[in-house]
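Here's a quick tour for anyone opening this structure for the first time. Have the sequence and the 3D view side by side as you read.

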Amino acid sequence: MSQPLDGDLASWDAFVARAEGASFCHLAGWRDILSDVLGVECLYRLVTNRNGELQGLLPLVRVRSWLFGHYLVSLPFLNDGGPLGSPEARRQLVEDAVAEARRSRVDLLELRTRDGGDLALPVSSRKITVLRPLPSTSEELLASFPSKLRSQIRRPMKDGLTVRFGPDQREPFYEVFARTMRDLGTPVLPRALFDRLAVAFPDLVVFGVVYRGDQPLAGGCGFAWREEFEMTWAGALRESRVLAANMLLYWAFMEHMIARGLRVFNFGRCTPGGGTHAFKRQWGGADVPLPWHQYASGGVTATPSPDDPTLSWGPRLWRRLPLPLANRLGPRLVRFLP
């Protein structure tokens with residue numbers, strides 16, 4: 001039987017903790033964070049058997065606006081979150097999601113997964129990630145890199161750049177991230193989102209920042225789940241490129257995760273063939289498809305993107321905004337962009 005998630009968040013998370021293919025994106029804590037911070041409608045559903053035992057679950061979020069359209073996504077701003085559970089439970093959850101998409105006439109239903117299994121829906125291949133296995137020591141990792149990459153890592157350290165990790169790095173991370181997003185022409189996520197993540201997932205979320213003295217130059221935020229770390233958000237100031245601050249950032253995160261005993265570094269999603277893809281590939285990882293399952297009654301095949309020619313005016317305009325104005329408007333606008 002399919003039903004909405006009520007107040008039993010502990011059972012939901014216990015199922016996620018043991019389910020094959022689960023990710024941090026499936027945790028129930030995202031529901032209140034997305035609802036409270038971004039004001040979106042969360043349609044979290046679960047399937048139980050006759051004995052009331054949980055068999056499957058699906059976190060689903062409605063994002064809509066008159067400008068960008070109407071979407072059901074599992075999960076917006078993230079790379080995973082599709083249906084979990086037994087084949088029958090997953091089938092029922094997908095059917096329910098498609099029924100809701102039809103009922104509310106959404107432009108696109110997108111179930112973001114890393115599982116290419118049969119969900120009886122078309123699959124979008126527009127995004128991939130890059131996974132890099134981590135050895136048992138950072139010395140072994142460094143030795144595996146080409147000499148040019150090793151020199152790009154060592155140079156910022158010789159120049160006195162340092163890296164700090166911890167929940168206290170949330171503010172400097174956001175300072176760098178917000179400026180990076182403005183320079184890219186993209187509205188920034190609200191500061192409150194990261195504040196809530198630090199409270200909801202203290203053992204999973206990791207903040208790290210590269211400094212020149214007391215000046216933050218590059219920062220990252222991601223999640224450790226099981227044996228894998230995903231760099232979910234990252235940014236670097238333009239003027240820090242000559243210092244290779246972004247190279248030190250990723251090296252330091254990999255070193256930090258090896259020390260924690262993790263075995264895989266996930267560079268996060270990117271578009272195949274783009275500049276970000278090339279940056280991620282240089283670390284020796286392998287491309288992994290992100291088979292996102294979709295349903296659309298019309299011709300929509302993707303959520304809004306700066307790569308869309310019809311929306312290209314947006315990034316051009318956004319890059320020209322003064323940073324304080326972009327930081328004020330961005331969190332209000334980004335809630336309409338899944």
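## A pair of strands to start with

Keep in mind that this is a predicted model. A good place to begin is strand 13, residues 215–225, and its partner strand 14, residues 228–236. The two pair in the antiparallel sense, and eight bridges hold that pairing together on paper. To find your way along them, look for Phe-223, which sits opposite Glu-230 in strand 14.

## The sheet around that pair

Zoom out and you'll see that strands 13 and 14 belong to an open sheet of seven strands, with mixed pairing and the order 11-12-13-14-15-10-16. Which strands stand at the edges? They're strand 11 (162–165) and strand 16 (286–289); each has a single partner strand, so one side of each is left without a neighbour in the sheet. From one strand to the next, the twist averages 30°.

Now look for helix 8, made up of residues 245–259. Helix 8 lies across strand 11, strand 12 (205–212), strand 13, strand 14 and strand 15 (264–270), and runs at about 140° to strand 12.

## Strand 4 and its partners

Earlier in the sequence there's strand 4, residues 54–58. Is strand 4 mostly covered or mostly uncovered? Mostly covered: four of its five residues are buried.

Strand 4 pairs with strand 3 (residues 45–48) in the antiparallel sense over four bridges, and Leu-46 stands opposite Leu-57 in strand 4. The hairpin these two strands make has five residues between the strands, and there Gly-52 takes a positive phi near 80°. Strand 4 is also joined to strand 7 (residues 84–85) by two bridges, again running antiparallel. In that pairing, Gly-56 has Gly-85 of strand 7 as its bridge partner.

## Arg-62, tucked away

Last stop: Arg-62, which you'll find in strand 5, residues 61–65. Is Arg-62 buried or exposed? With a relative accessible area of 5%, Arg-62 is buried, because that value falls under the 20% cut-off.

What does the side chain of Arg-62 make polar contacts with? One is with the side chain of Glu-41, at 2.7 Å. Another, of 3.0 Å, joins the side chains of Arg-62 and His-70. Leaving aside neighbours within four places in sequence, Arg-62 is in contact with a set of residues that includes Val-40, Leu-43, Tyr-71, Leu-72, Glu-100 and Arg-103. Ser-104 and Val-106 are also among them.

Technical notes: Residues numbered from 1 in each chain as written. Predicted model: local features only at pLDDT ≥ 70, side-chain atom pairs only at ≥ 80, totals over all residues. Heavy atoms only, no water. Pairing = 2+ DSSP bridges. Axes fitted to C-alpha atoms, helices over the stretch in contact; angles between N-to-C directions. Contact = heavy atoms within 4.5 Å. Buried < 20%, exposed > 50% of the residue type's maximum accessible area, 1.4 Å probe, protein only. Polar contact = N/O pair within 3.5 Å; in protein donor to acceptor, adjacent residues only side chain to side chain.
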